[in-house]
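Biologist: Please take a close look at one part of this model and describe its surroundings in one connected account.

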Amino acid sequence: MKEVTNPVSASPAITPAQFVERMERGAASAAAAGLDGLLIAPGPDLAYFADYLPIATTERITLLVIPAVGEPTMVVPLLEHDSATATRAAGAFGIVDWADGTDEYVPTAALLERSGRYAISDAAWAMHLLALQQKLPEARFESISRALPMLRAVKGDDEIDRLAAAGAAADATFEDILSVRFAGRRETEVAADLARLLREHGHSQVDFTVVGSGPNGANPHHEAGERTIEDGDMVVLDFGGIMDGYGSDTTRTVHVGDPTDEEHDVFEAVKRAQQTAFDAVAVGVACQEVDRAARAVIADAGYGEFFIHRVGHGIGMTTHEPPYMVEGEEQPILPGMCFSIEPGIYLPGRFGVRIEDIVVATEHGAQRLNNTSRELHIVR
Ligand code: ZN
Ligand code: ZN
Ligand code: ZN
């Protein structure tokens with residue numbers, strides 16, 4: 001569930017000047033990529049550039065046009081004019097209103113060049129893009145994540161502070177969950193505890209509460225089900241959401257009672273892989289090297305075929321975004337990039353182990369934004 005009030009300020013302590021800077025950087029990135037501009041639709045992109053999360057993200061078009069050269073302008077439904085001009089970024093862009101009963105794509109298209117090339121938010125509604133394509137048959141539109149994947153990837157200090165605070169809240173949630181009863185309760189009950197604790201520790205939105213017990217832990221996308229947790233289960237706990245506009249995402253694997261030698265060995269392999277990947281983070285290193293570092297450790301331990309996903313993803317105003325720590329991603333790591341490191345081993349039908357921290361890349365290597373113990377915790 002998303003809790004929203006109108007108007008929503010996405011990032012309360014970010015100053016108006018910083019939104020101007022973001023738009024200027026966006027325009028410069030567009031120009032450098034040979035684009036004529038960015039078309040920013042409601043969602044995390046619009047919150048990032050214009051501090052605006054319209055409550056009525058509907059069939060009515062709202063679109064911030066950031067031209068490579070010139071002033072940014074937001075196309076806004078007339079009835080939402082006051083909301084759009086009440087944000088911290090107001091004044092940093094012009095406003096073009098359109099009223100119900102008129103063709104909203106006429107004023108929108110008027111802001112674009114007839115045969116221009118634009119990157120548009122991934123979350124833009126297809127109906128709006130298709131209508132713009134019809135108005136401007138010679139213009140070309142690309143997905144912003146394809147054209148400029150790293151647009152929001154390098155975080156400012158203010159953003160890193162928020163990610164650290166969200167990480168600390170997730171850590172506090174984990175510390176608290178260690179004292180709840182696991183054995184004899186359903187996964188969904190522990191998941192509800194996680195969601196409640198995330199909110200108690202300041203989250204406004206809970207995005208996922210994975211509780212993968214026993215064989216369910218071997219499915220990395222299992223959320224939480226009706227299975228009753230038993231003594232002897234490994235339990236993967238992966239949870240996060242949004243606090244103060246920024247995301248949290250951490251995983252710890254706990255065991256109900258004493259683990260077997262095999263469970264212990266699998267856990268230790270994942271823990272070593274997580275540390276090795278963490279140590280591999282350095283400015284200038286390709287993202288794929290972080291994945292390779294974790295994968296080599298797990299392969300050496302004999303579990304290579306059971307590590308079935310990339311090792312990490314970026315995080316910011318959403319819990320999954322570029323940069324991806326994955327084979328084939330040659331983007332060099334830059335200071336200020338924030339991403340997860342989350343290797344896992346999944347033994348089908350038996351159990352799974354995953355350990356995940358969010359880290360920020362600095363000139364001196366990675367710094368963790370999750371700091372709970374990475375040892376195997378024994379729960380009741
Ligand atoms: Zn066990
Ligand atoms: Zn996670
Ligand atoms: Zn993650």
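Modeller: Leaving aside neighbours within four places in sequence, H203 is in contact (heavy atoms within 4.5 Å) with A166, A169, A170, L198, G241, I242, M243 and S248. This is a predicted model, in which local features need pLDDT of at least 70 and side-chain atom pairs count only at pLDDT 80 or more, while totals for chains, interfaces and linings use all residues. Residues are numbered from 1 along each chain as its sequence is written, chains are lettered from A and ligands numbered from 1 in the order in which they are written, and side-chain values use heavy atoms, without hydrogens and water.

H203 itself sits in the loop between α8 (187–200) and β7 (205–213), helices being DSSP runs of H or I with at least four residues and strands runs of E with at least two, numbered from the N terminus. With a relative accessible area of 4%, H203 is buried (under 20%; exposed is over 50%, partly exposed in between, with a 1.4 Å probe and protein chains only). One of its contacts, S248, also meets H203 through a polar contact between the two side chains, at 2.7 Å (N or O atoms within 3.5 Å, where within protein one can donate a hydrogen and the other accept it, and residues adjacent in sequence count only if both atoms are side-chain atoms).

From S248 the account can turn to D249, which bridges the zinc ion (ligand 3) and the zinc ion (ligand 2), the two ions lying 3.1 Å apart. D249 belongs to the loop between β9 (246–247) and β10 (250–256), whereas E356 belongs to the loop between β15 (351–354) and β16 (357–362), so that the pair links parts of the chain 107 residues apart. The relative accessible area of D249 is 2%, and D249 therefore counts as buried; E356, at 0%, is buried as well.

Taking the zinc ion (ligand 3) by itself, its coordination comes from D249 (OD), H313 (NE2), E342 (OE) and E356 (OE), at 2.0 to 2.2 Å (donors are N, O and S atoms within 2.8 Å of the metal, or 3.2 Å for Na, K and Ca; water is not among the atoms, and sites may look incomplete). Along the sequence, these donor residues are spaced D-x63-H-x28-E-x13-E.

For the zinc ion (ligand 2), the coordinating atoms are two entries of D238 (OD), together with D249 (OD) and E356 (OE), at 2.0 to 2.5 Å. The spacing of the donors of this zinc ion (ligand 2) along the chain is D-x10-D-x106-E. Here too distant parts of the chain are linked, as D238 lies in strand β8 (residues 234–243) and E356 in the loop between β15 and β16, 118 residues apart. Both D238 and E356 are buried.

Following the chain on from E356, one comes to the strands β16 and β17 (residues 365–368), which pair in the antiparallel sense over four bridges (two strands pair if DSSP finds at least two bridges between them). The connection from β16 to β17 is a hairpin of two residues, and within the pairing V360 stands opposite Q367 of β17.
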